[in-house]
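Here's a quick tour to read with the model open beside you. Start by turning it around a few times, then work through the points below.

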Amino acid sequence: MEEKTMNIKRRGFLTLSGAVGVTLAVSSLGGPVFAQEKSFRLGYSQFWGTNTFLRTQIAGARKAMKEWEAKGVKVDLLVTNGGDTDTTKQVGDLEDLYTQGIDGLLIFPGDSVVLADPIKNIYNANKIPVVVTDIGLGSGEWATYVVTANEEGGRMAADYMAKNVAKGAKVIVFDHGPAVQCIIDRNRGFEERAKELGLTVLPRKVMKLSLEDGRRTMEDTLTEIPDIAGVFFQNHAPTIGAEATLEAANRLDVKLVNFDTDPTAYRLVKEGKILGTIVQNPFEMGYAGMNSMLTVLTGGTPDKLIELPPRLMTKDNAAEFANEPQVLDAKAE
């Protein structure tokens with residue numbers, strides 16, 4: 001892998017990221033204005049880029065771009081979609097973005113280990129700044145990591161689950177990302193807290209990230225563990241599939257708590273068919289990530305870690321989330 005990526009040729013790369021000695025003025029709004037217009041080409045590599053969560057990240061990044069353009073900094077943003085859950089495709093996307101001469105990379109990595117290699121061997125090796133949003137990398141260097149407080153979110157999910165099932169009840173994690181750092185953190189938070197609260201935590205089931213696998217894994221679990229009381233998910237898509245299985249089996253006594261939402265999952269929470277959802281802020285992830293990248297490229301030093309607080313959405317407070325970008329299915333353009 002290293003020999004291949006290190007020999008990739010680039011087309012017309014401008015080292016604008018080194019232009020840190022820019023002249024600034026102060027606008028009436030209190031922000032810096034650049035005496036000479038700056039222009040950067042950036043890449044945003046996404047895994048499962050058609051997902052509402054990822055499109056919302058892009059929408060946040062574009063808002064930040066508009067604000068920087070008002071200060072004299074223009075951005076040409078190249079967005080790639082890693083084949084809808086294909087990490088091999090995302091590795092290829094990173095190689096392609098490099099050949100297109102990008103000045104900086106934002107990335108939502110599909111795997112914390114696999115995607116670390118091209119980050120180290122291409123971007124770190126060529127001193128191209130990297131900003132990571134949501135899913136972390138196991139190794140390599142980055143200017144900023146924007147992430148939800150995932151372990152806290154897992155603990156919040158366990159707290160709410162424990163309020164809605166009997167003490168000692170059996171609960172389980174359906175895990176679609178055993179090598180993904182944010183999911184590792186969520187699972188640890190949920191399982192440790194559930195045990196503290198007296199629930200019986202069963203060994204995880206590993207599954208694919210899809211609605212159909214959520215449906216199938218829930219069917220298998222009802223057969224194998226008929227007295228299962230609750231399931232914790234890291235994404236809304238398999239949760240929707242699992243809910244369909246429970247509804248067909250007339251088993252809505254089984255409680256589901258998940259991370260993330262979309263219009264369908266939001267409706268199911270409002271109807272009480274999904275017990276609760278840990279809501280992240282992907283719009284802010286993209287917004288903060290783009291601000292960090294442009295801060296680096298214009299000579300500043302952004303925060304190394306930006307940790308965003310999760311929120312719990314339930315049937316009782318769902319109306320407060322009606323205008324969330326994920327619920328409205330925000331488009332990137």
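Before we get going: two residues are said to touch, or be in contact, when they have heavy atoms within 4.5 Å. With that in hand, Leu252 touches Glu243, Leu246, Glu247 and Lys273, leaving aside residues up to four places away in sequence. Keep in mind that this is a predicted model.

**The overall picture**

- The protein has 11 helices and 15 strands.
- Out of 333 residues, 56% count as buried.
- Take the contacts between residues at least 6 apart in sequence: 75% of them join residues at least 24 apart.
- The accessible surface adds up to about 14,000 Å², and carbon and sulfur atoms account for 50% of that.

**α2 against α10**

- Helix α2 (residues 52-69) and helix α10 (residues 282-297) have axes that come within 6 Å and cross at roughly 40 degrees.
- That crossing angle makes α2 oblique to α10, since angles from 65 to 115 degrees would be roughly perpendicular and those under 35 roughly parallel.
- The crossing of α2 past α10 is right-handed.
- On the α2 side, the residues that meet α10 are Phe53, Thr56, Gln57, Ala59, Gly60, Ala61, Lys63, Ala64, Met65, Glu67 and Trp68.
- Facing them from α10 are Pro282, Phe283, Met285, Gly286, Tyr287, Met290, Asn291, Leu294 and Thr295.
- Sorted by class, the residues of this α2 and α10 contact are 12 nonpolar, 6 polar and 2 charged.

**α7 against α8**

- Helix α7 (residues 211-224) packs on α8 at an angle of about 45 degrees, with the two axes 6 Å apart.
- α7 and α8 are therefore oblique to each other.
- α7 goes past α8 in a right-handed crossing.
- From α7, the contact uses Leu211, Gly214, Arg215, Met218, Glu219 and Leu222.
- From α8, the partners are Ala237, Pro238, Ile240, Gly241, Ala242, Ala244, Thr245 and Leu246.
- The tally for the contact of α7 with α8 is 9 nonpolar, 3 polar and 2 charged residues.

**α8 against α9**

- Helix α8 (residues 236-248) also packs against helix α9 (residues 263-270), here at an angle of about 50 degrees and with axes 10 Å apart.
- This pair, α8 and α9, is therefore oblique as well.
- The crossing of α8 past α9 is left-handed.
- His236, Ile240 and Glu243 of α8 meet Thr264, Ala265 and Leu268 of α9.
- By class, the contact of α8 with α9 breaks down into 3 nonpolar, 2 polar and 1 charged residues.
- Ile240 is worth clicking on: Ile240 is listed in the contact with α7 and in the contact with α9.

**Back to Leu252**

- Leu252 sits in the loop between α8 and β12 (255-259).
- Is Leu252 buried, exposed or partly exposed? At 37% relative accessibility, Leu252 counts as partly exposed, because that class lies between 20% and 50%.
- Lys273, one of the residues Leu252 touches, is 21 residues away in sequence, yet the two C-alpha atoms are 6.8 Å apart in space.

**Gly92 and Pro118**

- Gly92 is part of helix α3 (residues 87-99).
- With a relative accessible area of 30%, Gly92 is partly exposed.
- Gly92 and Pro118 are 26 residues apart along the chain, and 9.2 Å apart in space from C-alpha to C-alpha.

**Positive phi without glycine**

- Lys127 has a phi near 55 degrees, a positive value in a residue other than glycine.
- You'll find Lys127 in the loop between α4 (116-124) and β6 (130-133).
- Lys127 counts as exposed because its relative accessibility is 71%, and the cut-off for exposed is over 50%.
- Asp134 isn't a glycine either, and its phi is positive too, at about 75 degrees.
- Asp134 belongs to the loop between β6 and β7 (144-148).
- Which way does Asp134 go, buried or exposed? Asp134 counts as buried, because its relative accessibility is 3% and buried means under 20%.

Conventions. Residues numbered from 1 in each chain as written. Predicted model: local features only at pLDDT ≥ 70, side-chain atom pairs only at ≥ 80, totals over all residues. Heavy atoms only, no water. Axes fitted to C-alpha atoms, helices over the stretch in contact; angles between N-to-C directions. Helix = DSSP H or I, 4+ residues; strand = E, 2+ residues; numbered from the N terminus. Parallel < 35°, antiparallel > 145°, perpendicular 65-115°, else oblique. Left-handed = near helix turned anticlockwise from the far one by under 90°. Nonpolar A, V, L, I, M, F, W, Y, C, P; charged D, E, K, R; others polar. Buried < 20%, exposed > 50% of the residue type's maximum accessible area, 1.4 Å probe, protein only. Areas by Shrake-Rupley, 256 points an atom, 1.4 Å probe, with all protein chains shown as cover.
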